[in-house]
Amino acid sequence: MSIPDELLVDIAARVESEQSNQMSLTVVVRGAVVTGRLAPEKVWRQRVAEVLEESQRLGTFAALFSTEGHASGGTPPDGDAAPTHLHFHLARILQGSVGIPETGGMYRVAIKDVGAWTVGDFSYSDH
């Protein structure tokens with residue numbers, strides 16, 4: 001069992017407490033590189049629910065992500081415990097010289113699984 005990086009937990013807690021989505025972060029998780037901006041869990045869940053609601057096939061899953069139907073496994077509703085997950089939006093998984101998806105996606109990463117991280121997000125340039 002890995003021990004989560006305390007500084008990373010503090011960053012996640014600050015994002016949660018300030019309800020800010022301006023913190024850019026890049027993490028390495030089991031060999032994958034995820035880069036993008038962190039969002040508070042509530043905001044992340046709301047956005048995922050909105051996307052799912054628009055889908056004819058996946059609309060029934062939207063309730064699982066709604067802030068009213070908060071499931072365990074992220075930041076507890078009482079806010080007293082440390083965050084256990086990072087919630088990325090406008091994020092990409094870096095693969096070779098491309099980011100997937102190009103427009104950015106919504107990713108949830110367990111803090112305990114992060115092997116390395118840096119502040120800021122990476123992007124590629126053709127120059």
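**Entry 1: Terms and model**

I take contact to mean heavy atoms within 4.5 Å of each other. I note that the model is a predicted one.

**Entry 2: Overall make-up**

I looked up the elements of the protein and found 3 helices and 5 strands. Along the sequence, I read their order as α-β-β-α-α-β-β-β. The protein has 127 residues, and 33% of them are buried. I also looked up the exposed surface, which comes to about 8,000 Å². Carbon and sulfur atoms supply 54% of that surface. Among contacts with a separation of 6 or more, 60% join residues 24 or more positions apart.

**Entry 3: The sheet**

In what order do the 5 strands of the sheet stand? I read the order as S4-S3-S2-S1-S5, in an open sheet with antiparallel pairing. Which strands stand at the edges? They are strand S4 (98–110) and strand S5 (114–119). Each of these has a single partner strand, so one side of each is left without a neighbour in the sheet. I noted that neighbouring strands are turned against each other by 35 degrees on average, direction ignored.

I then followed the pairs. S1 and S2 are joined in the antiparallel sense over 6 bridges. Serine 24 has arginine 37 in S2 as its bridge partner, and threonine 26 has threonine 35 in S2. S2 and S3 also run antiparallel, with 5 bridges between them. Valine 33 stands opposite leucine 94 of S3.

**Entry 4: Helices against the sheet**

I looked up which strands H1 touches, and they are S1, S2, S3 and S5. H1 packs on the sheet, and its direction makes about 60 degrees with that of S5. Helix H2 (residues 41–53) lies across S3 and S4. The angle at which H2 runs to S4 is about 125 degrees.

**Entry 5: Threonine 26**

I chose threonine 26, which lies in strand S1 (residues 24–29). Is threonine 26 buried or exposed? Its relative accessible area is 3%, and buried means under 20%, so threonine 26 is buried. What does threonine 26 touch, leaving aside its neighbours within four places in sequence? I listed Val33, Val34, Thr35, Ala116, Trp117, Thr118, Gly120, Asp121 and Phe122. One of these, Thr35, is also the bridge partner of threonine 26 in S2. For another, glycine 120, I looked up a distance: its backbone oxygen lies 2.7 Å from a polar atom of the threonine 26 side chain.

As background, I recorded that side chains in a regular strand alternate between the two faces of the sheet.

**Entry 6: Nonpolar cores**

The largest nonpolar core has 16 residues. Which of its residues touch the most other members? I found Leu25, Val27, Leu38, Leu86, Phe88 and Val114. At least two residues of this core come from each of helix H1 (6–18), S1, strand S2 (32–38) and strand S3 (85–95). H1 gives the most, with 5 residues.

I looked more closely at leucine 86. Apart from neighbours within four places in sequence, leucine 86 is in contact with Leu8, Ala12, Leu25, Val27, Leu38, Tyr107, Arg108, Val109, Ile111 and Val114. Another core, of 5 residues, lies apart from the largest one. Its residues include Ala39, Trp44, Leu52 and Ala62.

**Entry 7: Two residues with positive phi**

I looked up arginine 30, which is found in the loop between S1 and S2. The hairpin of these strands has 2 residues between them. Phi of arginine 30 is near 50 degrees, which is a positive value in a residue other than glycine. Is arginine 30 buried or exposed? Its relative accessibility is 71%, and exposed means over 50%, so arginine 30 counts as exposed.

Leucine 90 was my next residue, and it lies in strand S3. Leucine 90 has a positive phi of about 50 degrees, although it is not a glycine. Its relative accessible area is 43%, which lies between the 20% and 50% cut-offs, so I entered leucine 90 as partly exposed.

How values were computed
Residues numbered from 1 in each chain as written. Predicted model: local features only at pLDDT ≥ 70, side-chain atom pairs only at ≥ 80, totals over all residues. Heavy atoms only, no water. Helix = DSSP H or I, 4+ residues; strand = E, 2+ residues; numbered from the N terminus. Buried < 20%, exposed > 50% of the residue type's maximum accessible area, 1.4 Å probe, protein only. Areas by Shrake-Rupley, 256 points an atom, 1.4 Å probe, with all protein chains shown as cover. Polar contact = N/O pair within 3.5 Å; in protein donor to acceptor, adjacent residues only side chain to side chain. Core = buried A, V, L, I, M, F, W, Y, C linked by side-chain atoms within 4.5 Å. Pairing = 2+ DSSP bridges. Axes fitted to C-alpha atoms, helices over the stretch in contact; angles between N-to-C directions.
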